[in-house]
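Please take a slow walk through this structure with me, beginning inside a sheet and ending at a pocket.

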Amino acid sequence: MKWDVDNNKYVDYFGGHGALILGHNHPAVMPAVHAALDRGTHFGACHELEIRWAELITQMVPSAERVRFTSSGTEATLMALRLARAYTGRSKLVRFRGHFHGWHDHMTSGHTNHFDGTATSGVLNGISDNVLLCDPNDVDGITRIFNDHKDIAAVILEPTGANFGKMPILPSYLTLLRDLTKQAGTILIFDEVVTGFRVSPGGLQQALGITPDMTTLAKIVSGGLPGGAVVGRKDILDWLDFKVTKAAGQEKIYHPGTFNANPVSAAAGIATLGILSTTDACARANAFGTEVRAKMNEVLVDEGVKWAVHGSYSGIHIYTNPDGADIEPGTFDAAAFISQMIEKPRRESITSQVRMGLLVNGVDMNSGPSGTISAMHGEEEMAITVGAFRATIRALKREGAIR
C-alpha cells in the first residue's frame, strides 16, 4: 500500500517501477540501509559489502560467473554491448521491436517509435545502422538476419517479452535464439533488469533452464536503491580485468563510475537477495499474479466486455482490444496480438480512462495499464483490486466508453 498527500490509500502496482519485490520499507531491508548510511555513503575504495553482494548474485543467477556493478540498468546494457563487441570483434547488435533496454544511443529506435530502425533525435545514423531490428517470435526473420549478417556481436532481449511479458516471447523462441547465437559465435544477452530475482530467485533463465552468455540486472538487484550489474561468462568479463588483459596483450575496457557498487545500495541488495534466496517470496508474488488475473478476467466475463487481463509470473496487463477482436478473456493469447500492441492503438484514451478509474477506486497501475506485484500483496489487496476493476468497467460502460 501507499498513500498520497491527501492521505488516500492505494494498492501499489508500480512497485518502484518493479524494484520493490518485497514491498515498501521491508523490516529487514531498511535497517540494513540505515546501518550502511551510519558507516558512510562512499569510501572511494572497494569494500566488503560489494564482495558479499557479488557472491550472492553468482550463487543465484546461472549465467553469473563474474559480476561487474554499474549505477543503473541502462549502464548495464551499455557495458554488456561493449563487452560483446570487444570479445567478438564484431559490430552489429540485434534487438526486438517493442523491447526496452535503457536510453543510450543503441537502444532508442524500435522501442516506442522508429520501428524502421532509423535514428531517433540526437542519435548518429552510424550507430543506428549497426542495430538490426526483428519482430518478436519471428522465426523466419531472425534466421534471415543471421544468414545475411556474419558480423553480429550480440542479441539482446527482454526474455519474458517487452514490458515484462505484455508482448510475450515464446520459450521455444528463446531456445532458438540460444541455438542460433551459439552456432554463430554471437553473444546472447538476457536483459533481466525487470525479471531478475522476480520470476524466480535466479530470474527467467533459472525458471526456464536457458542460460545466456551475459545478463543485465538492476531494480531488485540493489534492493530498490540505485544500482545495476552486468554478469556473465568469465572469458567475456575478463575484458574488464587488469591482470588478464595485460597478460593477453589486450586493451582493457575502461569502466569508471562514482557510484558503482555503492555501499548503501550494496547493503539493500544483500538484504533483499538474502530473503529472496531463502524464502518463497518470488513464488508468492507469482501466485498472486495468477489469481488476480483470473479474477479480473471473471469481471470481464460477468460484464460482457471483450478485453483481457493477461501476463505471466508477477505481472498484470490489461488489453483493451482496440480493434474489437473476438477474444475470450480467460483464453487470450497475447503473443498473437503483439503487432497490434506495438502499433499505437486507435483508442489510446481508453487506457488512460482505465488507469484513472482504478486510481479513483484505490489501485495504482502504470499507463499500460500494467502492474508489477510484490510478495507483500495479499487478500486485502486482492479484494480491493478486483473491486476497483469492476467499478471501473461499470463506470466506463455507463459513460459509453465501452459498448
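**A strand and its neighbours**

Val94 of β4 stands opposite Leu132 in β5, where the strands are DSSP runs of E with at least two residues, helices are runs of H or I with at least four, and both are numbered from the N terminus. The model is a predicted one, in which local features need pLDDT of at least 70 and side-chain atom pairs count only at pLDDT 80 or more, while totals for chains, interfaces and linings use all residues. Residues are numbered from 1 along each chain as its sequence is written, and side-chain values use heavy atoms, with hydrogens and water left out.

β4 and strand β5 (residues 131-134) run parallel and are joined by 4 bridges, two strands being paired if DSSP finds at least two bridges between them. Leu93 has Val131 as its bridge partner in β5, and Leu93 also stands opposite Ala154 in β6. With strand β6 (residues 152-157), β4 pairs in the parallel sense over 3 bridges.

How enclosed is strand β4 (residues 92-96) by the rest of the structure? The strand is largely enclosed, because 5 of its 5 residues are buried, that is, under 20% relative accessible area with a 1.4 Å probe and protein chains only. In a regular strand the side chains alternate between the two faces of the sheet. Here both faces of β4 are covered, with Lys92, Val94 and Phe96 buried on one side and Leu93 and Arg95 buried on the other.

The wider sheet is open and has 7 strands in the order β3-β10-β9-β8-β6-β4-β5, with mixed pairing. Because β3 and β5 stand at the edges with a single partner strand each, one side of each is left without a neighbour in the sheet. Neighbouring strands of this sheet are turned by 20° against each other on average, direction ignored, the axes being lines fitted to C-alpha atoms.

**A pocket lined in part by β3**

The second largest pocket holds about 640 Å³ of space; a pocket is an open set of points on a 1 Å grid over the protein atoms alone, where a 1.4 Å probe fits, with protein on both sides within 12 Å along at least five of seven lines, and lining residues have an atom within 4 Å of a point. Of the 26 residues that line this pocket, Cys46, Glu50, Arg68, Phe69 and Ala261 are the closest to its centre. The elements that give two or more residues to this lining are α3 (48-60) and β3 (66-70), and β3 gives the most, with 4 residues.

Notes:
Grid points are joined across faces, edges and corners, and a volume is the space filled by probe spheres set on the points. Buried means under 20% relative accessible area, exposed over 50%, partly exposed in between (1.4 Å probe, protein chains only). Axes are lines fitted to C-alpha atoms, for helices over the stretch in contact, and angles run from 0 to 180 degrees between N-to-C directions.
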